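Thank you all for making the time this morning. I would like to walk you through one model, beginning in the middle of its sheet and working outwards from there, so please have the display open as I speak.

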Amino acid sequence: MRILSIQSSVAYGHVGNSAAVFPLQRLGHEVWPVFTVHFSNHTGYGDWRGPLLDPEDVRAVITGIEDRGVLPSCDAVLSGYQGSPEVAEVIVDAVRRVKAANPAATYTCDPVMGNAKSGCFVNPAIPPVIREHVVPVADILTPNQFELGFLTGRDALSEPAPVEDVLSAADEVRKMGPSTVLVTSVERAGAPEDVIEMVAVTADGAWIVQTPRLPMKANGSGDITAALFTAHLHETGSAETALSRTTASVFDVLDTTLRSGERELRLVEAQEAIAHPVERFEVRRLR
């Protein structure tokens, strides 16, 4: 599998492409990383150094890849944090170019906008562009529950919500274009406080998985989740299996990180859990 991954990059730590590329390679996939920023570290530290790349420079890199004549062999496009509305348009253009060369290729969009605790933390001009221009061209969408609420205009999803509301919102966003929706960081009404869940929804059904809630904040975990789910879905064609394998790997990465006492994800240390996930969490069909 060959993946064009258009995301941020950091020298220290693991977010964006610096979180997604190694796990994908560890699964045996070829990745073409295109950077939208190149920072010293992720912005969660409060200060960082390095350039936010000009959208036209990002476009130029993608054009250079296209010049090699390899887009027909590209199986998937993956994007995460989009630093500006202009970068979002570059990503949409890249998806169109790849799909023109290979109609079977898919596009996975992780619509990074915010979360329930922090609210929206991106440029206010970005979310409308994602909703109106990016989501309609996506095949796989991986919002957290807060982002799903924004995309569908459902403020109630910012709080613990009935699973029926999560499914209804996922169905609504699927009507915008994506065929598969993976909802992360699901806060389900009635669920125990010490667990966290993910829900996958397709035309064939919906599935939920539950893991213990670990006492940590892990920048980059969503980036790994989107990457692994894309890879496993392509390989197996099963959202249920992709959900199971992704959950197993991500939990083990987080658990390894927590036990290490380090702030940054221990991707290298946990690489066997990425390459060979131990599927020990039950995936339950919701419909």
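Strand β3, residues 76-79, and strand β4, residues 106-109, run parallel and are joined by four bridges, and within that pairing A76 has T106 of β4 as its bridge partner. I should say at once that what you are looking at is a predicted model.

If we step back from that pair, we find an open sheet of nine strands with mixed pairing, whose order reads β2-β1-β3-β4-β7-β8-β9-β10-β11. The edges are taken by β2 and by β11, residues 283-285, and because each of these has a single partner strand, one side of each is left without a neighbour in the sheet.

At the β2 end, strand β1, residues 2-10, runs parallel to β2, residues 30-39, with eight bridges between them, and one of the pairings there is that of I6 with V34 in β2. Strand β1 is also mostly covered, since eight of its nine residues are buried.

Let me turn now to the charged side chains. As a general point, side chains of opposite charge can pair when their charged atoms come close. In this model the count comes to 15 salt bridges, and I will take you through a few of them.

The side chains of D139 and K99 form a salt bridge, with 2.6 Å from N to O. This pair ties together distant parts of the chain, for D139 sits in the loop between α4 (126-134) and β7 (140-141), whereas K99 belongs to helix α3, and the two are 40 residues apart. Which of the accessibility classes does D139 fall into? With a relative accessible area of 19%, D139 is buried, the cut-off being under 20%, while K99, at 25%, counts as partly exposed.

A more local case is the salt bridge between R174 and D171, at 3.8 Å from N to O. These two lie three residues apart in helix α6, residues 163-174, and so are separated by about one helical turn. D171 counts as partly exposed, with a relative accessibility of 21%.

The third example is R280 with D252, whose closest N and O atoms are 2.7 Å apart. Here again distant parts of the chain are linked, with R280 in the loop between α9 and β11 and D252 in helix α8, residues 239-260, at a separation of 28 residues. R280 is partly exposed at 42% relative accessibility, but D252, at 13%, is buried. Beyond these pairs, E56, R59, E66, D93 and R97 are joined into one network by salt bridges that share partners.

Staying with D252 for a moment, its C-alpha is 9.5 Å from that of Q271, and the two are 19 residues apart in sequence. Q271 is located in helix α9, residues 271-275, and is partly exposed, with a relative accessible area of 23%.

Which residues, then, gather in a patch of negative charge on the surface? They are D54, D57, E86 and E89. Of these, E86 is found in helix α3, residues 85-101, and counts as partly exposed at 46% relative accessibility.

I will finish with another acidic residue, E147, which lies in helix α5, residues 145-152, and is buried, with a relative accessible area of 4%. Measuring nothing but the C-alpha positions of the model, E147 and I65 stand 31 Å apart in space and 82 residues apart in sequence.

Note on methods: Residues are numbered from 1 along each chain as its sequence is written. This is a predicted model: local features need pLDDT of at least 70, side-chain atom pairs count only at pLDDT 80 or more; totals for chains, interfaces and linings use all residues. Side-chain values use heavy atoms; hydrogens and water are left out. Patches are made of residues with over 30% relative accessible area and no salt bridge: like charges are joined within 9 Å, nonpolar side chains (Val, Leu, Ile, Met, Phe, Trp, Tyr) within 5 Å. Accessible areas come from the Shrake-Rupley method with a 1.4 Å probe; for residues, only the protein chains shown count as cover. A salt bridge is a side-chain nitrogen of Lys or Arg within 4 Å of a carboxyl oxygen of Asp or Glu. Lys and Arg count as positive and Asp and Glu as negative; His and the chain ends are not counted. The place of a charge is taken as NZ of Lys, CZ of Arg, CG of Asp or CD of Glu. Buried means under 20% relative accessible area, exposed over 50%, partly exposed in between (1.4 Å probe, protein chains only). Two strands pair if DSSP finds at least two bridges between them.
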